[in-house]
Amino acid sequence: MKIGIIYFTHGGHTKEKAEEIAAGIESKGVEVRLFSLDDELDTDYLNECAGIIFGTPTYVATAHWRVVEWLTQNRTVKLGGKLGGCFATAHYAQGGGDSAIMSLVGMLLTKGMLVYSGGAALGKPFIHHGPVALDAVGTHYEESKEMFTLFGERFANKSLELF
Ligand SMILES: Cc1cc2nc3c(=O)[nH]c(=O)nc-3n(C[C@H](O)[C@H](O)[C@H](O)COP(=O)(O)O)c2cc1C
């Protein structure tokens, strides 16, 4: 069972949160690899994945254009039928992290992915659309670590259950 995390980062926050998710996935005995959109992606590995998670910083209350660009132009990684999930980093609670996630969710659905967040079905902490880390709201960024790792655990569990 393999899972991939594809993200874009400018300042490093989205990479850090991707690593926290990866720790949760690994804790369930599932292989995971992280791919920055600034580096070359391992297409063979990604095609073997049961699930792919997409991470984006929030820019102008939506997903970063580099993530949108990849989802728009990718022809080599087959996304249809895989489990998909999304997370975001942002400054503020009202800054649009949730909108950023939902703008990607629509693209994942269009690609035929089975989109999963755990929602409210697994109890607290509720991760409705996907985890969001806020870097300009007190200590939220640091404190969200547990939630990101838990998201990884839940995503891995669902992948094992489905595939
Ligand atoms: C050009 C630009 C636009 C941004 N727009 C928003 C925004 O609309 N809402 C928000 O909450 N944060 C916004 N941010 C903050 C980033 O989403 C946030 O700092 C994020 O953690 C950066 O991720 P990174 O370190 O992975 O690049 C913006 C940052 C930049 C540079």
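This text goes through a predicted model, taking its main pocket, its cysteines and a patch on its surface in turn.

The largest pocket has a volume of about 260 Å³. Its lining is made up of 17 residues, and those closest to the centre are Pro57, Thr58, Tyr59, Thr89 and Asp135. Three elements each give two or more residues to this lining: helix H1 (13–26), strand E3 (51–59) and strand E5 (83–90). Of these elements, E3 gives the most, with three residues.

The cysteines come next. The structure holds zero disulfides. Cysteine 49 is in no disulfide, and the nearest cysteine sulfur, that of cysteine 86, is 15 Å away. Seen from the other side, the closest cysteine sulfur to that of cysteine 86 is the one in cysteine 49; because the distance is 15 Å, the two are too far apart for a bond. A disulfide would need the sulfur atoms to be within 2.5 Å. Cysteine 49 has a relative accessibility of 4% and therefore counts as buried. Cysteine 86 is also buried, with a relative accessible area of 1%. The cut-off that applies to both residues is 20%, since buried means a value under that figure.

On the surface, a nonpolar patch is formed by Met1, Leu114, Leu160, Leu162 and Phe163. Together these residues have about 450 Å² of accessible area. One of them, leucine 162, lies in helix H6, which covers residues 145–162. Leucine 162 counts as partly exposed because its relative accessibility is 45%, a value in between the limits for buried, under 20%, and exposed, over 50%.

How values were computed. Residues are numbered from 1 along each chain as its sequence is written. This is a predicted model: local features need pLDDT of at least 70, side-chain atom pairs count only at pLDDT 80 or more; totals for chains, interfaces and linings use all residues. Side-chain values use heavy atoms; hydrogens and water are left out. Patches are made of residues with over 30% relative accessible area and no salt bridge: like charges are joined within 9 Å, nonpolar side chains (Val, Leu, Ile, Met, Phe, Trp, Tyr) within 5 Å. Accessible areas come from the Shrake-Rupley method with a 1.4 Å probe; for residues, only the protein chains shown count as cover. A salt bridge is a side-chain nitrogen of Lys or Arg within 4 Å of a carboxyl oxygen of Asp or Glu. Helices (H or I, at least four residues) and strands (E, at least two) are DSSP runs, numbered from the N terminus. Buried means under 20% relative accessible area, exposed over 50%, partly exposed in between (1.4 Å probe, protein chains only). On a 1 Å grid over the protein atoms alone, a cavity is a set of points where a 1.4 Å probe fits but cannot get out, and a pocket is an open set with protein on both sides within 12 Å along at least five of seven lines; lining residues have an atom within 4 Å of a point. Grid points are joined across faces, edges and corners, and a volume is the space filled by probe spheres set on the points.
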